[in-house]
Structure formats: structure tokens, C-alpha cells
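Biologist: Could you take a close look at the backbone in the loops of this protein chain, and explain it in a way that a first-year student can follow?

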Amino acid sequence: MPALELRPNCELCDRDLAPMSFEARICSNECTFCADCADHTLHNVCPNCGGELVRRPIRPMNEYRPGEGLRLNPAGIVRRHVKYSPDEVAALVARLREIPADQR
């Protein structure tokens, strides 16, 4: 099974997110956002799929198990951006933000 991609940027504001960042948030599709955008703009609603945004796990730097670790499974380098307009993002967030993630 492939490891998480660990995307390098917030897909909304384009802020850099290091692989070891506690500020990265992801949905189940690995869409990636900074904590500020996730909490204050998106209200923990992924603008791409409507899913929940949670803190991205930290991949250990070292190989504690064979074939594991950030050195062997490096972070992604392709920067991504939301394909929807700010108005489309706002409309989806407004529609879903009050609905618990498990009921969306």
C-alpha cells in the first residue's frame, strides 16, 4: 500500500507545508490545506469532496521498520490548487459546515 503523498502546500492559499508540519490538514483523499484555511475559511470542510479535514500525520524521518520513514518514502513535490472558484468554495462550505462529518 502506498504511503500518504504529503503534499507540499495548502491547496487554497499556497502556503508551504513541510512534511513534518503540525499545521497540515488533509481529507480522506489527501487534499491538503493549512490549519488556518482549514479552521477559518473552510470550517473543516474539504472544498474538493466535502469531507472532513483532520491533522495530517507526521511520517517518521528514520527507518524504524524496513522500507519505512521519510528518507525512503519522501514527501510529494507537486503543488496542487483547488480547482473551484472562491464563490464555489464558499457555497459548499456554507452548505456543509454545520453538518457533522459522519452525516455529510
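Modeller: Helices and strands are here taken as DSSP runs, with at least four residues for a helix and at least two for a strand, and they are numbered from the N terminus. In this predicted model, the protein chain has two helices and three strands, and from the N terminus on these elements follow one another as β-β-α-β-α. Two loops between these elements deserve a careful look.

Most residues other than glycine have a negative phi. Against that background, E30 stands out, since its phi is near 75 degrees, a positive value in a residue that is not glycine. E30 is placed in the loop between β1 (24–26) and β2 (32–34), and because its relative accessibility is 23%, E30 counts as partly exposed, a class that lies between buried, under 20%, and exposed, over 50%.

Further along the chain, H43 also has a positive phi, near 50 degrees, and it too is a residue other than glycine. H43 belongs to the loop between α1 (35–41) and β3 (54–55), and with a relative accessibility of 25%, H43 likewise counts as partly exposed.

To set these two loop residues in their surroundings, buried residues make up 35% of the 104 residues in the protein chain, while the C-alpha atoms fill a box of roughly 45 × 25 × 20 Å along the principal axes. Of the contacts with a separation of 6 or more, 56% come from residues 24 or more positions apart.

Note on methods
Residues numbered from 1 in each chain as written. Predicted model: local features only at pLDDT ≥ 70, side-chain atom pairs only at ≥ 80, totals over all residues. Heavy atoms only, no water. Buried < 20%, exposed > 50% of the residue type's maximum accessible area, 1.4 Å probe, protein only. Contact = heavy atoms within 4.5 Å.
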